[in-house]
Amino acid sequence: MSDTPVSMLKARNPRTGEYDFRFETAGTAEVAAAGQRLRAGQPDWAALPVEARGERLLHFAEVMLDHRAALSAALETDTGRRRVAGLEIDGLAASIRNWASQAPGLATGGWVAGRSNPAIRHAPQFIPYPLVGVISPWNFPLTLSMIDTVPALLAGCSVLIKPSEVTSRFAGPLQDAVRAAGLDQQLGFVLGGAETGTALIGACDAVCFTGSVATGRKVAVAAAGRMIPAFLELGGKDPMIVLASSDLEAATDAALRASVLSTGQACQSIERIYVQRPLYEAFLRRLTQKAEAVRLNWPDIMSGDIGPIIFERQAGILAHHISDAVDKGAAVHTGGSLEHHGGGLWLRPTVLSGVDHSMLVMSEETFGPILPVMAFDTEEEAIDLANQSEYGLSAAVFAGTLEEAERVGRRLEAGAISLNDAALTGLFHEAEKQSFKLSGMGGSRMGAAGYQRFLRRKALIANTARPAPLAAFSEDAP
Ligand code: NAD
């Protein structure tokens, strides 16, 4: 691979629109050097008992919380939101505590007698990938840089992270905490865009990628070229089915929260809502009322419900999806146009009706606070509509009883189905789930597999009897 030169990039502040963060990108030589340093630190790290690695990570969590002021200030500037930035920091500390307590029980096993030949025993050994590369997106910069990193470190890997070039400010304070906790021989950062990401895939032994389907395809191809595993967590177009038996207040609360939290910039956001006809009009009215009450966190970041659109290019996609829907006959009940405040770009929750699957807003990932609502008559029809998507990240079903919701949920083609709530994978990480269709590839990042996938299984196979001679396989053997 040729050595790409170091260059400078600028990142935009989503609240002011100013490109006020300049940083040097890492070329292939810097990425390779960072990789070598982390590889050198990995064998001693892997030689520690998992409990000792857990202790070191728990110490890192404390140090990170000591660095909270700088980290949250940088995250706030990266994302234009305050409360979620705090939740990302607390969530990381909680995730370290969870994994540190669970990991010792997740890769165990001694000698087992063979079933086909009782004289042959086998035992597993768990070998971490020396260097895991993590490539993350801009929507939850800290969470999605660390979600795979924590279990990989606990498994005994070193990790090199490349955060999104759109939101890289947080990496500086996080790196300070890593250094202060003495983890810098195991955990490193390289900044940059696509070229740095490509270089990272060239330097690591397994790659965890979170981002768009388009980039995920490139990552999968590059990883295949190196014959290394790629764990891909990609986009979604999550449907929510609301049966007529649902509690109106609960269903509209869940739909609104799951669609507009973090300004809809979440992979597991609800992006399509299907409501059974007897409830449809009341649902649309109530959802619109609730959407109208949502406040921007402008001008005061200390108040309001939703922040600005982080990535300027995303704002163009939101506007395009709305105009495409309106041109094809959709009605806008509230919201509907981008707002400019203080240089930032904002979209209030936008409720649409009269939508169908010919519209982009019902077929392509929108990644914004847009709630298209469509009526259906039968459960069969709702299941069919929900499954009519090239994505299969997650989905939600609301009903009067859990039994009804479960009946529908079991037939949906997606990796995680929230019942009588929505987007629960953003709040609950204990259940193993994989991404279906174009939404991803590889083992679950949640539940026990989220740790176990960083350990390669090696088998020790011992014969307690005499080895078979070649004669046992001769053509004229008895
Ligand atoms: P993106 O694909 O544009 O970029 C993601 C990362 O890939 C960035 O760090 C980018 O610099 C890097 N990159 C770009 N080109 C590359 C290449 N050729 N090789 C290696 N790395 C490269 O995605 P984004 O716009 O930052 O994030 C939004 C997307 O992420 C949405 O589609 C969203 O659904 C998805 N996402 C998925 C999950 C999930 O868990 N499934 C979670 C959050 C976000």
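The following exchange asks how some terms apply to the ligand site and one sheet of a predicted model.

Mentor: Local features in this predicted model need pLDDT of at least 70, side-chain atom pairs count only at pLDDT 80 or more, and totals for chains, interfaces and linings use all residues. Residues are numbered from 1 along each chain as its sequence is written, and side-chain values use heavy atoms, with hydrogens and water left out.

Trainee: What makes glutamate 365 a polar contact of the ligand?

Mentor: A polar contact is a pair of N or O atoms within 3.5 Å. A polar side-chain atom of glutamate 365 lies 2.5 Å from a ligand oxygen, so the pair meets the cut-off. Threonine 215 qualifies with a polar side-chain atom at 2.8 Å from an oxygen atom of the ligand, and glycine 211 with a polar backbone atom at 3.3 Å.

Trainee: How much of the ligand does the protein bury?

Mentor: Taken alone, the ligand exposes 860 Å², and the protein buries 89% of that; accessible areas come from the Shrake-Rupley method with a 1.4 Å probe.

Trainee: How do you know that E8 and strand E9 pair?

Mentor: Two strands pair if DSSP finds at least two bridges between them. Four bridges join E8 to strand E9 (residues 230–233), so the pair meets that definition. The two strands run parallel. Cysteine 208 has phenylalanine 231 in E9 as its bridge partner.

Trainee: Why do strands E7 and E21 stand at the edges?

Mentor: The open sheet has the order E7-E6-E5-E8-E9-E21. Strand E7 (187–189) and strand E21 (440–441) each have a single partner strand, so one side of each lacks a neighbour in the sheet.

Terms used:
Polar contact = N/O pair within 3.5 Å; in protein donor to acceptor, adjacent residues only side chain to side chain.
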